[in-house]
Amino acid sequence: MIVVGGEALIDLVPVARPPGALLPRPGGGPYNTALALGRLGAEVAFCSRVSADGFGETLLAGLRAAGVDLSLVQRGPEPTTLAVPSLGPDGSASYGFYAEGTADRLFTLPPALPPGARALGLGTCSLVLEPGASAYEALLRRESRRGLLTLLDPNIRPALIADPAAYRARFLSRLLPYANVLKLSEEDARWLGGGVRDWLAAGPSAVVLTRGGDGLTVWTREGAEHSVAARRVAVADTIGAGDTVNAALLHRLSADPGGPVDWPEVLRHAAHAAAVTCSRAGAEPPYAAELAD
C-alpha cells in the first residue's frame, strides 16, 4: 500500500461563463496524488482530516470512486479549506486560500499505518499549516525510520508561509533528511533557494525537477542525471499536473523499493500522466488505460 498524507480542499476554479463564475472542484496536492494513484490502479490510502460538511463528503466520494482506502481519514466539524486559483495565459495557476480554522490543518498523528504500507508521500499546505504540519513531520520521521520509501513535494504556496526563512530552514534540516525522493517544480526550486547539491546533501537519494513544457529531470546521489521531454498536448490548465507526477513516481518506485531504478522509464511514465492531466480542466488525472502506449 502507498499512503498519501496531506490536505483535501476545494478549488474554486474560474470558468469562462458566466463571467467571474467559480466552479467548485475537489483538490489539494495530496488529495490529487491519492486520486491519481487510485486511478492508476495502485493500492493507496489517504491520511488526512476531512470536514463533515458537504464539501468534505464530496471529497471523500471522489476518493471512494477511485478505490482509495479511507481508513486513515479523520473527520471533524470544522469547514473545508477553500483555494482560489488564478490562471495565467499559459494555463499555470497561482493560489489564494481560505484556511483559518479548517479541518485539514487539525490533523493528528495516527498511531500506525497499515501493515502493508511500503511508501509515503507528503506535501503542499499540510507541511505549512499548524498544528497539522508538526503531526505530518512526525509521521514522515517515524515512517522513514521504519524503512518506508518517502516522497516529499513542497509545492510551495507563498501566500500561506508567514516566515519564509523559518520555513526554508525547517524544510532543509527537519524534513529533507527523512525523504528518499524530493520532487519539486522550477518555481519551488527558485523559492526554496540552494540547489540540487544542497538538497541531495540533506538526505534524499534523488531529486526530480518538473520543468513545465520542457519536461522532467532527475539527479541522483550517485551522480546520475536523466531528462525526458514533456508530451505535447493542448493545455487546458496545469492544475494537478505536479500531483500526477507524484503519483506516477510513487507508483513506479514503490513496486520494488530499494531495487535498481530505470529513471528514464519512470520519468517518461510521469510525463505521460501529467500531460493527460494538463489536457483537461481542473485536477483530472488519468486512468491506467489512458496511459497504455
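**Pockets, sheet and helices: a short tour**

Let me begin with the largest pocket, which has a volume of about 1200 Å³, and let me say at once that the model we are looking at is a predicted one. The lining of this pocket is made up of 49 residues, and those nearest its centre are Ser185, Glu187, Thr238, Ala241 and Gly242. If you want to find the pocket by its surroundings, the elements that contribute two or more residues to the lining are β2 (9-14), α1 (29-39), β7 (93-98), β10, α5 (186-192), α7 and α8. Sorted by class, the lining of the largest pocket has 21 nonpolar, 15 polar and 13 charged residues.

Several of those elements come back as we turn to the sheet. What is the order of the strands in the open sheet of 9 strands? The order reads β5-β4-β1-β8-β9-β10-β11-β12-β13, and the pairing is mixed. The edges are held by β5 (73-76) and β13 (225-228), each of which has a single partner strand, so one side of each is left without a neighbour in the sheet. On average, neighbouring strands of this sheet are turned by 15° against each other, direction ignored.

As a general reminder, strands of a sheet pair through backbone hydrogen bonds, in either a parallel or an antiparallel manner. Here, β9 (residues 149-153) and β10 (residues 181-185) pair in the parallel sense, over 2 bridges, and Leu151 has Val181 of β10 as its bridge partner.

Now to the helices. Helix α7 (residues 241-253) lies across β1 (2-5), β8 (119-123), β9, β10, β11 (206-210) and β12 (216-220), and α7 runs at about 170° to β9. Helix α7 also packs with helix α8 (residues 263-278), at an angle of about 145° and with the two axes 8 Å apart, and the crossing of α7 past α8 is right-handed. The residues in this contact include Ala241, Val245, Leu249 and Leu253 of α7, together with Trp263, Leu267, Ala270 and Ala274 of α8. Counted by class, the contact of α7 with α8 has 12 nonpolar, 4 polar and 2 charged residues.

Let me go back to the empty spaces. The second largest pocket holds about 320 Å³ of space, and of the 17 residues that line it, Leu149, Ser205, Gly258, Gly259 and Val261 lie nearest its centre. By class, the lining of the second largest pocket divides into 9 nonpolar, 6 polar and 2 charged residues.

Besides the pockets, the structure holds 4 cavities of 30 Å³ or more, and the largest cavity has a volume of about 70 Å³. Which residues are closest to the centre of the largest cavity, out of the 13 that line it? They are Pro30, Thr33, Leu122, Gly123 and Asn246. At least two lining residues of the largest cavity come from each of β1, α1, β8, β9 and α7, and the lining of this cavity divides into 5 nonpolar, 7 polar and 1 charged.

I will finish with a single residue, Gly203, which lies in the loop between α6 (196-202) and β11. Gly203 and Thr150 are 53 residues apart in sequence and 11 Å apart in space, taken from C-alpha to C-alpha. Leaving aside residues up to four places away in sequence, Gly203 touches Leu176, Pro177, Ala179 and Arg221.

How values were computed. Residues are numbered from 1 along each chain as its sequence is written. This is a predicted model: local features need pLDDT of at least 70, side-chain atom pairs count only at pLDDT 80 or more; totals for chains, interfaces and linings use all residues. Side-chain values use heavy atoms; hydrogens and water are left out. Two strands pair if DSSP finds at least two bridges between them. Helices (H or I, at least four residues) and strands (E, at least two) are DSSP runs, numbered from the N terminus. Axes are lines fitted to C-alpha atoms, for helices over the stretch in contact, and angles run from 0 to 180 degrees between N-to-C directions. Contact means heavy atoms within 4.5 Å. A crossing is left-handed if the near helix is turned anticlockwise from the far one by less than a right angle, and right-handed if clockwise. Ala, Val, Leu, Ile, Met, Phe, Trp, Tyr, Cys and Pro count as nonpolar, Asp, Glu, Lys and Arg as charged, and the others, Gly among them, as polar. On a 1 Å grid over the protein atoms alone, a cavity is a set of points where a 1.4 Å probe fits but cannot get out, and a pocket is an open set with protein on both sides within 12 Å along at least five of seven lines; lining residues have an atom within 4 Å of a point. Grid points are joined across faces, edges and corners, and a volume is the space filled by probe spheres set on the points.
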